[in-house]
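Trainee: Please take one part of this model and go through it closely. I would like the sheet and the helices that pack on it.

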Amino acid sequence: MFQNMYKPVSGFSKKTKAQKLEWLATTHFSNDETAIATLKKYWNSDEKLQKLHDDFIENTISNYYLPLGVAPNFLINGTLFTLPMVIEESSVVAAASNAAKFWLNKGGFTSNVISTQKNGQVHVNFFGKQSDISTFFSEVKPKLIESIASLQKNMQKRGGGLIDIVLLNSTKALNGYYQLHCTFETLDAMGANFINSCLEEIARTFETEASTYTPFKNCNQSPEVVLSILSNFVPECLVRAQVSCKVEDLTTKHIDGAVFAQKFVRAIDIAKVEPRRAVTHNKGIMNGIDAVVLATGNDFRAVEAGVHAYASKDGNYTSLTDAKVENGIFTFSIEIPLALGTVGGLTSLHPLTKLAFTLLQKPNAKQLMQIVAVAGLAQNFAAIRSLVTTGIQKGHMKMHLMNILNQMEATELEKEKAVTFFTEHQVTHSSVESFVENLRN
Ligand code: MEV
């Protein structure tokens, strides 16, 4: 059972890294030196680089590695890309690479950005007459915009900034609830800091102006700001990607193109109507999306939240991809909201992120949206292709083989023998275990 290992600690964040480790060693690791040695093993020997990582968050004690892989041969809008992917799941990069190769000689992927607006809200309580707050808002709106003039000066110079503020009456959903719904163009920045700073300033001005507004004073009802924050639901920041080819071009030595297309479209149709399947289907899409989002230093939690909300925008959680056969042409597409940045945040801080951008030929935010959407589509293509033909486990376990061997602390020779043997045999945890045990005996 759990037990209290320590009394509440105060001032922890003020301790030095060494003091934090010492505290952990005594409270949590029974002074086991190997625990602390493991944490230290992952420190970077380049002190400057380690300091950079230490400063990303509070209470850094070590670094947590994930593999950075690359998936080559992605032909996107006529240009060949190698995608950087950060992910721990064994088969994801291999699947992406397969899908890229499959579409390479069929015209590749096309992708286009539909819209780029982001949004945020100042959430307001107001229990007076609706006409009072509406009139007040119309009068004060120019002042709200003026109040963020200095904040948005640079963004405006580059062609972005606040697009509009509207007052929304949400009192039907919640008594006394209004919103200042603000829309923004943040260009190549993901824009979270910019949007949140603008919203907080707008909220301050709104409350200050309201405090001296006579109609509110007269009825003793003044609007009160509850909170101000951007929304990670960005259905107006949309990108589309697709692939298409003649049905007969889908034929491989394993399956006829028409049969494959019919099974594939059916699989997508199932994900469209059955939420339980749709969640896993979309999780597969996010394998590709998150991996590139992470590699490029973007906020994958924001992307995850926004994409899944979009999958249920019509009331039912459904597939993010669509597939059809029309006049002998197979088309497979995705449409998703993606709020991404290519400047600011981690993008210009983390050395590997900078490298990822170089690999991607320094895209702007719109181009990155296109690339990331393609990564999701490719991942989904690879997953559905396996699922409706061989099943997912064959490829997945083949890639997982090395993990099982590493768990068994297999030697290089044992690994080599296992890889050769399992090209012809089914990989399962127990089959690998018996194979290695037989070798050892
Ligand atoms: C596994 O990470 C992803 C899949 O489950 C996706 C899918 O079922 O479509 C294979």
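The mentor's reply follows.

Mentor: This is a predicted model, in which local features need pLDDT of at least 70, side-chain atom pairs count only at pLDDT 80 or more, and totals for chains, interfaces and linings use all residues. Residues are numbered from 1 along each chain as its sequence is written, and side-chain values use heavy atoms, with hydrogens and water left out.

Start with the domains, whose bounds come from an automatic or database domain assignment. Domain 3 spans 118–230. Its C-alpha centre lies 42 Å from that of domain 1.

Now the sheet. It is open, has four strands and runs in the order β5-β6-β4-β7, with antiparallel pairing. Strands (E, at least two residues) and helices (H or I, at least four) are DSSP runs, numbered from the N terminus. Two strands pair if DSSP finds at least two bridges between them. The edges are β5 (161–169) and β7 (224–230), each paired on one side only. On average, neighbouring strands are turned by 20° against each other, direction ignored.

Look next at β4 (residues 118–125) and β6 (residues 177–185). Eight bridges join these antiparallel strands. Here His123 stands opposite Gln179 of β6.

Then the helices. Helix α5 (residues 130–147) lies across β5 and β6, at about 170° to β5. Helix α7 (residues 192–211) packs on the sheet and touches β4, β5, β6 and β7. The direction of α7 makes about 165° with that of β7. Contact means heavy atoms within 4.5 Å. Angles run from 0 to 180 degrees between N-to-C directions, and axes are lines fitted to C-alpha atoms, for helices over the stretch in contact.
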